[in-house]
Amino acid sequence: MAFSSFTYKKIAKILASKKVYLVRSLNFRKKPHPLPVNSDYVRYATLGLCYEEIMLNNVTGNLAELGVYKGEFAKRLNFLFPDRKLYLFDTFQGFEKKDVETEVAAGFSTGEQNFSDTSVDLVLSKMVNAANCIVKKGFFPDTANGIEDRFCFVSLDADLYDPIYAGLSFFYPRLEKGGYIFVHDFNNDGYNGVRKAVVDFCFQNRIGYVPVPDSGGTVIITK
């Protein structure tokens, strides 16, 4: 549907008041986007562009997600990189008690949100190449013991300070040059521990990062 410039601006302003943004994206690009349109456009469009850079630059390594929940982000990783191993780290039972205790004591968040309504079978049922998925169920970083892989892409979506900091500590040294780490909820005021963990780790290790204005407030770290 075509809109006049006036109508476009009027609709865009109304939507913006509700934190829904009508914007033009990649106007001068002819190549189709590698992922289908979805409701969290910025997050997945950025993922698609990073995927293209990884492939263009021949960045080697596998993939991982810490904080899989129902597998909506993981299934896109599995779709984009069907021939690479995808490690799936999650309790599949919600937050660990000791992580919540740290969170509450520091005043980062209540840690009350329930993410237990998932399962390994549910997540794997969404994967186009489940044979390359390696499920690591349990407490992280214990579940990472013995893993010596290098990584081209890592998603950290564990919501709380301790697992996010542990995830950065484990994966950043194993990230290939030209690889990416997406940390979800960096700009989510409901999970302030995420921002604190990223800022602490990056300050201590002199690492830069780029915030992204997607729905959950992702931040991107690269080498």
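The lining of the largest pocket in this predicted model comprises 14 nonpolar, nine polar and twelve charged residues. The pocket encloses about 640 Å³ of space. Of its 35 lining residues, those nearest the centre are Gly 67, Val 68, Tyr 69, Asp 157 and Asp 159. Several secondary-structure elements, including α2 (41-56), β1 (62-66), α3 (72-80) and β2 (86-90), each contribute at least two residues to this lining. The largest share is that of α3, with four residues.

The second largest pocket has a volume of about 470 Å³. Its lining consists of 17 residues, and Tyr 21, Val 42, Pro 213, Asp 214 and Ser 215 are the ones nearest the centre. By class, eight of the lining residues are nonpolar, six are polar and three are charged.

Strand β5 (residues 175-183) is largely enclosed by the rest of the structure, because seven of its nine residues are buried. On one side of the pairing pattern, β5 is joined to strand β4 (residues 151-156) in the parallel sense, over five bridges. Within this pair, Ser 155 has Phe 182 of β5 as its bridge partner. The connection from β4 to β5 passes through helix α6 (residues 161-171), and the resulting β-α-β crossover is right-handed. Strand β5 also pairs with strand β7 (residues 219-222), here in the antiparallel sense and over four bridges. Phe 182 takes part in this pairing as well, with Ile 220 of β7 as its bridge partner. Phe 182 is thus bridged both to Ser 155 and to Ile 220.

The cysteines were examined next. A disulfide is a covalent bond between the sulfur atoms of two cysteines. A search of the whole structure returned zero disulfides. Cys 50 is accordingly in no disulfide, and the nearest cysteine sulfur, in Cys 152, lies 11 Å away. For a disulfide, the two sulfur atoms would have to be within 2.5 Å. Cys 50 has a relative accessible area of 7% and is therefore buried, the cut-off being under 20%. For Cys 133, the closest cysteine sulfur is likewise that of Cys 152, but at 14 Å this is too far for a bond. Cys 133 has a relative accessibility of 11%, so this residue also counts as buried.

Definitions and conventions: Residues numbered from 1 in each chain as written. Predicted model: local features only at pLDDT ≥ 70, side-chain atom pairs only at ≥ 80, totals over all residues. Heavy atoms only, no water. Buried < 20%, exposed > 50% of the residue type's maximum accessible area, 1.4 Å probe, protein only. Pairing = 2+ DSSP bridges. Right-handed = clockwise from strand over helix to strand, strands pointing away. 1 Å grid on protein atoms, 1.4 Å probe; cavity = no way out; pocket = protein on both sides within 12 Å on 5 of 7 lines; lining within 4 Å. Points joined across faces, edges and corners; volume = space filled by probe spheres on them. Nonpolar A, V, L, I, M, F, W, Y, C, P; charged D, E, K, R; others polar.
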